[in-house]
Amino acid sequence: MIISLIGGVGLLLFGLRTLSDNLDNLAGARFRSFLGRVTKNRLFGMGTGALIASLLQSSSAATLLLIGLARAGIVNLNQSIYLILGSDIGTTLTVQLIAFKIFNFALLFIGVGFFIFFLSKEEKIRFMGLSLFGLGLIFLGLKIMIMGMGTLKDQGWVQPLLNRVGDFALLGILLGAIFSSLLNSSTAAVGIFLAASTQNMLPLNAA
């Protein structure tokens, strides 16, 4: 179980990094210029932030991108705030995709992404292939974590311990914050909690 959890988290985080880096390469200067124009409207700014976080699979990555844009003078403080609020919405949408068990198609994403990257000569299409490959790694990592959690369910001490988390809200919030800080990814942390919930180990109120 520990090996599955460590390996699954590793794949998920590496997939996040691969997806983020290649989408950033794919975006280029035109996208940054477009972002500066579209964020002049608050609602468009929030919508754009949600889209960026959904594509990057990480509100942290989206926030770092926005910091770079602010330093370059492309967006100002007010525009950045709405983009960051939108990026948190985008992360929620990403987690919903996980809840729909899209991870069953992980190998399809990996295979298609690899062949797009391997067969294409055009740089932008290769970035798209690597982005798809990274997305597949995210879902594969999650699937491995879920499978690993299944063995933990048989341990008698685990269920009472997780039930206790549901009885103390502040303890659950603290554990969630620690997990997210250690992994440097709220998506990865939520993925672990979803994996436990999928195996009926974590009650809804504790999750």
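Helices (H or I, at least four residues) and strands (E, at least two) are DSSP runs, numbered from the N terminus. With that in hand, let's look at the chain. This is a predicted model, where local features need pLDDT of at least 70, side-chain atom pairs count only at pLDDT 80 or more, and totals for chains, interfaces and linings use all residues. Residues are numbered from 1 along each chain as its sequence is written, and side-chain values use heavy atoms, with hydrogens and water left out.

**The overall picture**

The protein chain has nine helices and zero strands, so its pattern along the sequence reads α-α-α-α-α-α-α-α-α. Of its 207 residues, 39% are buried; buried means under 20% relative accessible area, exposed over 50%, and partly exposed in between (1.4 Å probe, protein chains only). Now for contacts, meaning heavy atoms within 4.5 Å. Among the chain's contacts with a separation of 6 or more, 76% are between residues 24 or more positions apart. The chain exposes about 11,800 Å², with carbon and sulfur atoms supplying 69% of it; accessible areas come from the Shrake-Rupley method with a 1.4 Å probe, and for residues only the protein chains shown count as cover.

**The core**

A nonpolar core is a set of buried Ala, Val, Leu, Ile, Met, Phe, Trp, Tyr and Cys residues joined through side-chain atoms within 4.5 Å. The largest one here has 23 residues, and Leu12, Leu135 and Ile138 are among those with the most contacts inside it. Two or more residues each come from helices H1 (2-38), H5 (106-119), H6 (123-152), H7 (158-167) and H9 (186-198). H6 gives the most, with seven residues.

**The pocket**

On a 1 Å grid over the protein atoms alone, a pocket is an open set of points with protein on both sides within 12 Å along at least five of seven lines, where a 1.4 Å probe fits; lining residues have an atom within 4 Å of a point. The largest pocket has a volume of about 680 Å³, a volume being the space filled by probe spheres set on the points, which are joined across faces, edges and corners. Its lining has 31 residues, and those nearest the centre are Leu162, Leu175, Phe179, Phe193 and Leu202. H9 supplies the largest share of the lining, eight residues. By class, the lining has 24 nonpolar, seven polar and no charged residues; Ala, Val, Leu, Ile, Met, Phe, Trp, Tyr, Cys and Pro count as nonpolar, Asp, Glu, Lys and Arg as charged, and the others, Gly among them, as polar.

**Three residues to find**

Leucine 202 sits in the segment after H9, glycine 129 in helix H6, and lysine 101 in the loop between helix H4 (77-99) and H5. Glycine 129 touches Gly113, Ile116 and Phe117, leaving aside residues up to four places away in sequence. Here is how each of the three fares for accessibility, and how far its C-alpha lies from that of a partner.

| Residue | Relative accessible area | Partner | C-alpha distance |
|---|---|---|---|
| Leucine 202 | 13%, buried | leucine 161 | 9.6 Å |
| Glycine 129 | 0%, buried | phenylalanine 109 | 9.2 Å |
| Lysine 101 | 46%, partly exposed | lysine 143 | 8.9 Å |
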